[in-house]
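Biologist: I'd like a close look at a single part of this model. Could you pick one helix and walk me through how it sits among its surroundings?

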Amino acid sequence: MAQPPNTDLLRSLPQIEEVLRDPQLKALEALMPRSVLADCAREAVDNERNAILTGSRSSVDAQAIADEACSCALANLRPSLRRVINATGVILHTNLGRSVLADEAVHAVEEVARGYSTLEYDTAALARGSRHDHVERLICAVTGAEAAIAVNNNAAAVMMVLVEFAAGREAIVSRGELVEIGGSFRVPDIMALSRAEMVEVGTTNKTHAADYARAVGPDTAMLLKVHPSNYRIVGFSESVPVHELRRIADSENAARHSEAGPASVNEVLVYEDQGSGSLIRLDCFGSYAEPTVAESLKAGCDLVSFSGDKLLGGPQAGIVVGSRRLIERLKKNPLARALRLDKMTLAALEATLRIYLDPERALRAIPTLRMLSEPSGAVQDRAENLARAITEAIPQGAATVDVVAETARAGGGSLPLCDIDSFAVRISFERGNAQGCETFLATSRRVPIIGRIKKDAVLLDARTLTHADIAEVAAALRAYFDSLDPDESSPQTHSMRIPGEGR
Ligand SMILES: *Cc1c(COP(=O)(O)O)cnc(C)c1O
């Protein structure tokens, strides 16, 4: 039975002004507006009031309220978006920022961010230039396309293509390709938003060329092919390759030509949303290797779009390639302005694309490609170095540290079926435990370390770690064991620390 609220307890809650008189909060007045501190105090008092109302408090602890307000205020001083050490073995980890930029890309960003730039200035003509020009030539050089445009991300690119070429008309898509990618990108939703009429063909597992051919009609604007990205239908399944879509579009376009004459023809386009944007064939993955953008174009796509921060290994961006005539139409669409890239992204994208001019170098200099293609022997060496550093750093007998064979993943919807051989450091606990350690590594450090737990051990995958991470990870593990209460082998409660201090 619900207890009536304890009115005496509610009355003893401190006033906001009283909470703000706490010396820790007073000290913070030098660092942020009092209104921010008052909001934190109010939140702490509200939380306490709710705890009383739900019956989970039998007394009011004014100091605890002040402490809570204080940690809320301190959170304002700590960067929310910060570096993490990725020990998950997932290379394109969407939650951890997908691609890691090459050094050259980072330097390019820094240079344009610090000063003025040629963003929309043509130094040869001493006149206004176009921001599209910085990357278009390079994209064409590495994909074989005639023209290209880059926007904010691939979801934006898909939206823009559908709006420009299929709004109010039909786009034919296989039922096996009506996918959801990362929760907020769903093909049917983006088609509805762009006002393209979705014409579904085939079945979930099998779609044949004849299904498309039968669906083509006078209102058809495009045959849309969507890369299924993070899932595959295996077994009794079939999808239609680009060259067959090309054949169907060509025969429809020929028919339209002979009826209406070339001038008034609104042709059927073949458009592939390729997702991962592989620019060079990753032979190390054999049959799992994604088709490259150049291959999709060669097979007959009029337009191909892909992400900048998946297999391409650059910044967040969405790139559309195709014929000059079609890309010029996209450049004139108002969405191209709304979705345009900023100078920092353009700088990173340009620098990343330039590395691809030498594909051999791209495999080494672009971190995403390096991590994907690094021989497993080198990963094993790094895992062994890490295991050694950890063993030396932690107290004797605190844990067993060894190296185990593991499976890494490309992530980001790329190469979903492909197991990448990897090696991880396994920490099995004599003192403390895996859950406690995982939490400590992720929450108590300025640079969180994200690993995973398997069978009561913490696993740190070396494929996504660098040599430079080793000392930091070893020091963090030592800090975890130091934090354990020697009697109880569980973490002591930490005293409040100003963020940024220590570790
Ligand atoms: C990842 C992906 C998208 C979305 O791309 P973003 O760059 O994340 O916006 C769209 N389509 C496919 C097929 C994808 O794999």
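Modeller: Here is a tour of helix 8, with a short look at the wider chain first.

A word on the ground rules: this is a predicted model, so local features need pLDDT of at least 70 and side-chain atom pairs count only at pLDDT 80 or more, while totals for chains, interfaces and linings use all residues. Residues are numbered from 1 along each chain as its sequence is written, and side-chain values use heavy atoms, with hydrogens and water left out.

The protein chain holds 20 helices and 18 strands; these are DSSP runs, numbered from the N terminus, with helices being H or I of at least four residues and strands E of at least two. Its C-alpha trace spans about 85 × 60 × 55 Å along the principal axes. Of its 503 residues, 48% count as buried, meaning under 20% relative accessible area with a 1.4 Å probe, protein chains only.

Now to helix 8 itself, residues 154-166. Its 13 residues should span 18 Å at 1.5 Å a residue, and the end C-alpha atoms are 17 Å apart, which agrees; the expected span is 1.5 Å times one less than the number of residues. At its start, a side-chain oxygen of Asn-153 comes to within 3.3 Å of the backbone nitrogen of Ala-155. That is a polar contact: a pair of N or O atoms within 3.5 Å, where within protein one must be able to donate a hydrogen and the other to accept it, and residues adjacent in sequence count only if both atoms are side-chain atoms. Just after the helix, Gly-168 has a positive phi of about 75 degrees.

How enclosed is helix 8? 10 of its 13 residues are buried, so the rest of the structure largely encloses it. Among them are Asn-154, Met-159, Met-160, Val-161, Leu-162 and Phe-165.

Part of the surroundings is helix 13 (residues 324-332), whose axis comes within 10 Å of that of helix 8 and crosses it at roughly 105 degrees. Axes here are lines fitted to C-alpha atoms, for helices over the stretch in contact, and angles run from 0 to 180 degrees between N-to-C directions. The two helices are therefore roughly perpendicular, the label for 65 to 115 degrees. On the helix 8 side, Met-160, Val-161, Glu-164 and Phe-165 meet Leu-326, Arg-329 and Leu-330 of helix 13, contact being heavy atoms within 4.5 Å. Of these, Met-160, Val-161 and Phe-165 are also buried.

Notes:
Buried < 20%, exposed > 50% of the residue type's maximum accessible area, 1.4 Å probe, protein only. Parallel < 35°, antiparallel > 145°, perpendicular 65-115°, else oblique.
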